[in-house]
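Biologist: Please take a close look at the cysteine side chains of this model, and then set them in the context of the ring contacts and pockets elsewhere in the chain.

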Amino acid sequence: MARKPCSPRDVLEILQELIRTPSVNPSLAPEEGHGEGAIAEVAQKWLAANGVKSWLEEVAPGRPNTVAEVGGDKGPTIVFCAHLDTVGTAGMTIPPFEPRLEGNRVYGRGGYDMKGSAAAVMAAAAALRLEDLPGRVLVALVVDEEYASIGAQDFVKRHKADACVLTEPSEGRLILCHKGFVWAELVTKGHAAHGSRWDLGVSAIAKMGKIIAALEQFDRQELRNRTHPLVGPASQHCSLIRGGSGLSTYAEECTLQIERRTLPGETPERVMQELEEVIRSTGEQAKVRRLLDRPPLTCDAEGKIATSVREAARSVTGQTPEIAGVSYWMDAALFAAAGIPTVNYGPSGAGAHEAVEWVDLNSVVTCAQVLVETARNFCRTE
């Protein structure tokens with residue numbers, strides 16, 4: 001029987017093979033020891049077997065991106081992206097790597113987040129290989145999205161493109177923006193002394209307490225009033241704290257780590273300035289250090305890539321997709337930061353990072369078909 005890459009049968013086949021191949025992010029669950037090497041090879045071999053030019057690009061030892069391309073060089077280049085890594089399996093109540101089809105649901109770790117999307121991307125590439133496409137489609141099946149996104153960062157350093165469709169699950173909505181984040185660390189200093197020597201001891205924890213109260217007030221009164229129409233308000237929370245060396249000793253040092261969720265237009269530099277201002281308002285002192293930041297995403301609703309996906313989804317499903325934003329972060333922002341206009345469109349399901357995870361097979365097939373139509377729309381040269 002001839003293969004039809006975007007048919008439910010063929011999409012299910014590759015989706016099950018991806019779920020069957022463990023790809024737990026080693027930075028999140030080193031005890032599971034999987035990594036993305038095996039699944040990257042599975043994806044590359046499937047693409048090659050379906051006539052798609054494909055190869056591996058090592059990002060870190062044993063952790064390669066799977067990259068592929070179809071089409072010509074007379075039109076623009078569009079990227080279809082999905083990540084291959086998953087979170088760990090501790091606490092799952094279904095077999096994580098034994099894909100099960102029940103009704104229209106495909107169960108297994110990563111099915112929803114986001115091997116269903118990877119299957120859609122691969123099926124779309126195989127289907128487009130059979131067409132005379134003037135432009136080029138690049139497939140980016142990347143590592144490490146669940147931790148530090150080294151895969152997406154590596155891809156955008158190596159490859160240029162005119163647009164990108166990330167395929168994180170979106171329930172068929174067209175996602176045009178999401179929040180970014182800044183992780184920061186605050187350290188207060190006290191003076192260690194015996195617990196009986198109130199006249200000598202200075203508690204770094206007590207100093208941090210005043211700062212925490214001020215940070216919470218800043219979150220409630222200032223940040224929650226900064227809103228974006230698609231992603232809602234900015235926010236900030238105290239995440240981790242440690243300090244002190246014993247019950248009978250004044251704490252010499254206290255460390256607080258916080259997360260700040262940023263809106264489109266907010267910068268890490270301004271976030272750090274605001275932290276300093278809040279600390280000064282308490283009359284205390286603290287050393288402030290930025291640990292990690294990732295930018296927000298925003299994309300023009302009337303831009304070429306958003307229009308191409310919107311028209312494709314309407315053509316495939318008969319309905320115009322809802323325009324939306326999400327509060328969580330995605331690799332999409334790294335493509336946008338590299339100057340590649342990026343949107344997100346993906347399948348439906350449930351259970352990301354949860355004990356039971358599943359993806360809706362029909363939505364994966366629809367996603368593949370929408371990607372094919374998107375490439376046709378975007379790569380037109382007339």
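Modeller: The sulfur of Cys 367 has its closest cysteine sulfur in Cys 6, at 9.7 Å, which is too far for a bond. The model is a predicted one, and a search of the whole structure finds zero disulfides. Seen from the other side, Cys 6 takes part in no disulfide, and the nearest cysteine sulfur to it, that of Cys 367, is 9.7 Å away. The cut-off that decides the matter is a sulfur separation within 2.5 Å. Cys 367 is buried, because its relative accessible area is 0%. Cys 6 also counts as buried, since its relative accessibility is 16% and the limit is under 20%.

The aromatic rings come next. Three aromatic pairs are found in a search of the whole structure. In one of them, the ring centres of Phe 155 and Phe 335 are 5.9 Å apart and the planes meet at 45°, so this pair is classed as tilted. The contact joins distant parts of the chain, as Phe 155 belongs to helix H4 (residues 150-158) and Phe 335 to helix H8 (residues 332-337), with the two positions 180 residues apart. Phe 155 counts as buried because its relative accessibility is 1%, and Phe 335 counts as buried at 0%.

A further pair is formed by Phe 181 and Trp 183, whose ring centres are 5.1 Å apart with planes at 35°, so it too is tilted. Phe 181 is buried at a relative accessible area of 8%, whereas Trp 183 is partly exposed at 34%. Ring pairs join Phe 181 and Trp 183 with Trp 329 in a cluster.

Trp 329 leads on to the largest pocket, where it is one of the residues nearest the centre, together with Glu 145, Glu 146, Tyr 328 and His 353. The lining of this pocket has 23 residues, and about 590 Å³ of space lies inside. By class, 11 lining residues are nonpolar, nine are charged and three are polar. Helix H3 (111-128) and the strands E9 (180-189), E13 (253-262) and E14 (287-294) each supply at least two residues of this lining.

The second largest pocket holds about 200 Å³ of space. Its lining consists of 16 residues, and those closest to the centre are Glu 171, Gly 172, Arg 173, Thr 317 and Tyr 345. Helix H7 (304-317) and helix H9 (361-378) are the elements that give two or more residues to it. H9 provides the largest share, three residues. In this lining the classes are eight polar, five nonpolar and three charged residues.

Two charged side chains placed over rings complete the account. Lys 304 lies over the face of Phe 378, at 4.6 Å from the ring centre. The charged end of Arg 105 sits over the ring of Trp 358, 3.8 Å from its centre.

To return to the request, Cys 6 and Cys 367 remain unbonded to each other, because their sulfurs are 9.7 Å apart.

Methods. Residues are numbered from 1 along each chain as its sequence is written. This is a predicted model: local features need pLDDT of at least 70, side-chain atom pairs count only at pLDDT 80 or more; totals for chains, interfaces and linings use all residues. Side-chain values use heavy atoms; hydrogens and water are left out. On a 1 Å grid over the protein atoms alone, a cavity is a set of points where a 1.4 Å probe fits but cannot get out, and a pocket is an open set with protein on both sides within 12 Å along at least five of seven lines; lining residues have an atom within 4 Å of a point. Grid points are joined across faces, edges and corners, and a volume is the space filled by probe spheres set on the points. Helices (H or I, at least four residues) and strands (E, at least two) are DSSP runs, numbered from the N terminus. Ala, Val, Leu, Ile, Met, Phe, Trp, Tyr, Cys and Pro count as nonpolar, Asp, Glu, Lys and Arg as charged, and the others, Gly among them, as polar. Rings of Phe, Tyr and Trp (its six-membered ring) pair if their centres lie within 6.5 Å; planes under 30 degrees apart count as stacked, over 60 as edge-to-face and the rest as tilted. Buried means under 20% relative accessible area, exposed over 50%, partly exposed in between (1.4 Å probe, protein chains only). A charge sits over a ring if NZ of Lys or CZ of Arg is within 6 Å of the ring centre and within 35 degrees of the ring normal.
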